[in-house]
Amino acid sequence: MKLSEFGFKLPDELIAMRPLANRDESRMLVLHRKTGEIEHRTFSDILEYFNPFDMFVFNNTQVFPAKLLGNKEKTGARIEVFLLRELNQDHKLWDVLVEPARKIRIGNKLYFGLDDSMVAEVIDNTTSRGRTLRFLYDGPHDEFKTNLYALGNTPLPPYINRDAEEEDALRYQTIFASQEGAVVAPAAGLHFSRELMRLMEIHDVEAEYLTLHIGQGSFREIDVEDLTKHRLDSEQMLVTDELAHKVNAKRDNGNKICAVGTSVLRAMESTVGMNGHIKAYNGWTNKFIFPPYECTTADALVTNFHMPYSVMLMLTSAFGGYENVMNAYNTAIEQKYRFGAYGDAMLVVD
């Protein structure tokens, strides 16, 4: 399929700028992928579509406060630094994006904090993602990370055109986030409240976790019409032996596996073997899924409503069927569903 086939007109007012007061009270469009039937529900109704001993697989990645504002030495120019990932603990090296990039050269020093207490030096200008910074900090690593993160802000998606606020540190994070490393939240998981997770236990619907640290590649603009020529940024992931065994046993027993989010589905499809079984894996994936592609690791998908031309929309279309999903999106726009990470949910089931 071509990039242009994933375009649609999204009114700006349908992009959710803030979360609802309660996580599980968002609207939920239910798409039955075999028939194309659509239902309109509330997210707290989701367990009505599952049976005892079915399994939800979540992404337990944790978003860290990746956006920093600093000043360039001598000129005092304001520089925005977006932390992508830590490269080396001992030398405090970080892979970063900087804006405006044209003002930054190797050897430049950047100062952060009201008292310029955190200093970094640009040591590489040639990485594919941006720059490499070395933070000049003499204390222990844990202390360094604590102080660095105290200076950072929640990295909201680019379509949320406001500065991050105190509330975002809590709400742009799932309640089960435990493995630090993401700069993009697994948005489908944001709908799950503690009450809903407790209801899952009561109904014997099992919850298991994998880790995929979602990076800025999710928002990088695709600049080729032929999707086979697009390359996703690699993202670090972990599927444990224990999770693989449990998921495979459920599939063999005829229970449903629900992938909570496109990141979970992509991680499982990155490790799939025979008969839809997944394998343990600790490494990196750049798997790019778009129609036509047969997803064999999950029976249901929870996802949000994504932006036009996004890789998340393409993966959802591969799972639910291109025509079904695009029709569901047209319906969602007509019914004024909220789009984006803080928006409403879609459940795709058979």
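Visitor: Where is the place of N275?
Guide: N275 sits in the loop between α5 (262–270) and β15. Helices (H or I, at least four residues) and strands (E, at least two) are DSSP runs, numbered from the N terminus. This is a predicted model, in which local features need pLDDT of at least 70, side-chain atom pairs count only at pLDDT 80 or more, and totals for chains, interfaces and linings use all residues. Residues are numbered from 1 along each chain as its sequence is written, and side-chain values use heavy atoms, with hydrogens and water left out.

Visitor: And is N275 buried or exposed?
Guide: N275 counts as exposed, at 67% relative accessibility. Buried means under 20% relative accessible area, exposed over 50%, and partly exposed in between (1.4 Å probe, protein chains only).

Visitor: What about the phi of N275?
Guide: Its phi is positive, about 60°, although N275 is not a glycine. K92 is also a residue other than glycine with a positive phi, near 55°.

Visitor: Where is K92, then? Buried or exposed?
Guide: K92 is placed in the loop between β6 (78–88) and β7. With a relative accessibility of 8%, K92 counts as buried.

Visitor: New topic: which residues does a cis peptide bond join?
Guide: One such bond links E99 to P100, with omega about 0°. Another links P291 to P292, with omega about -5°. P100 belongs to the loop between β7 (93–99) and β8 (109–112), while P292 belongs to the loop between β15 (281–285) and β16 (300–304).

Visitor: How many helices and strands are there in the chain?
Guide: The chain has 7 helices and 17 strands. Helix α7, for instance, covers residues 322–334 and contains E323.

Visitor: Is E323 buried or exposed?
Guide: E323 is exposed, its relative accessible area being 68%. Its C-alpha atom is 43 Å from that of L69, a residue 254 positions away along the chain.

Visitor: What radius of gyration does the chain have?
Guide: The value is 21 Å, which agrees with the figure near 20 Å for a compact globule of 350 residues. The radius is taken over C-alpha atoms, and the globule rule is 2.2 Å times the number of residues to the power 0.38. Along the principal axes, the C-alpha atoms fill a box of roughly 65 × 45 × 40 Å.

Visitor: How much of the chain counts as buried?
Guide: Of its 350 residues, 54% count as buried.
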